[in-house]
Amino acid sequence: MINNVIINDPVFVKPAKYNRFDRFWISLLADERDLPFVHLALKISLTLIPLAFLLYMPLPRLYWWPIAGLYFVYNLLFLSGPYTLMLHCTSHRPFFKNESKLLNEYIPWVLGPFFGHSPGTYYSHHMGMHHAENNLEEDLSSTMMYQRDSFGDFMKYFFTFFFGVIVSLTNYHHLRKRLKMRNKVLRGEIIFFVACGLLMFVSVPATLVVFITPLILTRFIMMIGNWAQHSFVDFEEPGNCYKNSITCVNTSYNVQCFNDGYHINHHLKPTMHYMMYPEHFKLTISEFGKNKALVFDGIHYLHVWFSLMTKNYKKLAAHIVNIDGTFATSEDAILLMKSRTRKMALRGITAKNYKSKVAVA
């Protein structure tokens, strides 16, 4: 366990002066702190998309396969994570000012398909459903009903999501009469798969590399992320954000993916700008201690997921931040983690009735 952790994750430092190019984009942005998203979107547009178009050209196999390999590695290892978290941040807070709001569609509609994101599905799932339900029983991506240190249960979770999420998400919004959210899902999925079907007539291999494989991998990786973020859930207080989520600090993942490690803070303050989460964590750290919140130093969600799949609780305990002496020993921390990964029977606990359930208990 780690005591007296110093936070080194990125915070906003206003430059003394912006260049002319950046000043132009800042004039359109709702928040100048989102300028890195402009740079990332342009980087994707000027590098990944031209490579994708090149794969649809009638190139000899001798050239096509190396380009396909380069595309796959570049997409998966260098761009997919930052893109997905850019999509996440710009779903929570408007990217461009109202007078330039049409530009907000560029990230989900133009860039999204290259990373396996059908336009509108992520927004409808994450904003319209996940945050509203907070990993409780009506959350379609809830981890509560699974044993969170079991690879078998994780695969059940993944296949349930992969093959059923579109139907269940559409039905979720339909039953609640959220027709705009429902239609976002249907429109985005239909357009994505119709486009892929048409592109198959141009090139089957290119379509598989550029669109279909990223779809499969993105949804798998997103489920790893959500599983890790909500692996530790307190049986008595499953709706307590301190006790149903984790936070990861001092990791390169936070640098590359816009402080996404601060998941407890994010559920507490979903609209807070990502650059403010390190400071918010420091200001509220006593609450983390009081609630025995699980904060990990130097590792991120993939490490947490892998440690759970291998039941390596000692590895996790070695990276726990022991806030205010919450845990007397590493064994205490391990016992708490194991208690929070156990499968939970359905008890009718939803976001709407959570407070009353706790009061009754």
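Which residues does Asn-226 touch, not counting residues up to four places away in sequence? In this predicted model, the partners of Asn-226 are His-130, Ser-141, Thr-143 and Tyr-157. Below is a short tour of Asn-226, then Lys-243, then a nonpolar patch on the surface.

**Asn-226 and its contacts**
- You will find Asn-226 in helix α8, which covers residues 204-229.
- Asn-226 has a relative accessible area of 8%, and because that is under 20%, Asn-226 counts as buried.

**Lys-243 and its surroundings**
- Helix α9, residues 241-244, holds Lys-243.
- Lys-243 is a buried residue too, since its relative accessible area is 13% and the cut-off for buried is under 20%.
- Leaving aside residues up to four places away in sequence, Lys-243 is in contact with Phe-232, Val-233, Asp-234, Glu-237, Asn-291 and Arg-340.
- His-230 sits 13 residues from Lys-243 along the chain, and 9.0 Å separates the C-alpha atoms of the two.

**The nonpolar surface patch**
- Five side chains to look for here are those of Leu-186, Ile-190, Val-194, Leu-198 and Phe-201, residues that make a nonpolar surface patch of about 540 Å².
- One of these patch residues, Leu-198, belongs to helix α7, which runs over residues 179-202.
- Leu-198 is exposed because its relative accessible area, 55%, is over the 50% cut-off.

Key: Residues numbered from 1 in each chain as written. Predicted model: local features only at pLDDT ≥ 70, side-chain atom pairs only at ≥ 80, totals over all residues. Heavy atoms only, no water. Helix = DSSP H or I, 4+ residues; strand = E, 2+ residues; numbered from the N terminus. Buried < 20%, exposed > 50% of the residue type's maximum accessible area, 1.4 Å probe, protein only. Contact = heavy atoms within 4.5 Å. Patch = residues over 30% accessible without salt bridge, like charges linked within 9 Å, V, L, I, M, F, W, Y side chains within 5 Å. Areas by Shrake-Rupley, 256 points an atom, 1.4 Å probe, with all protein chains shown as cover. Salt bridge = Lys/Arg side-chain N within 4 Å of Asp/Glu carboxyl O.
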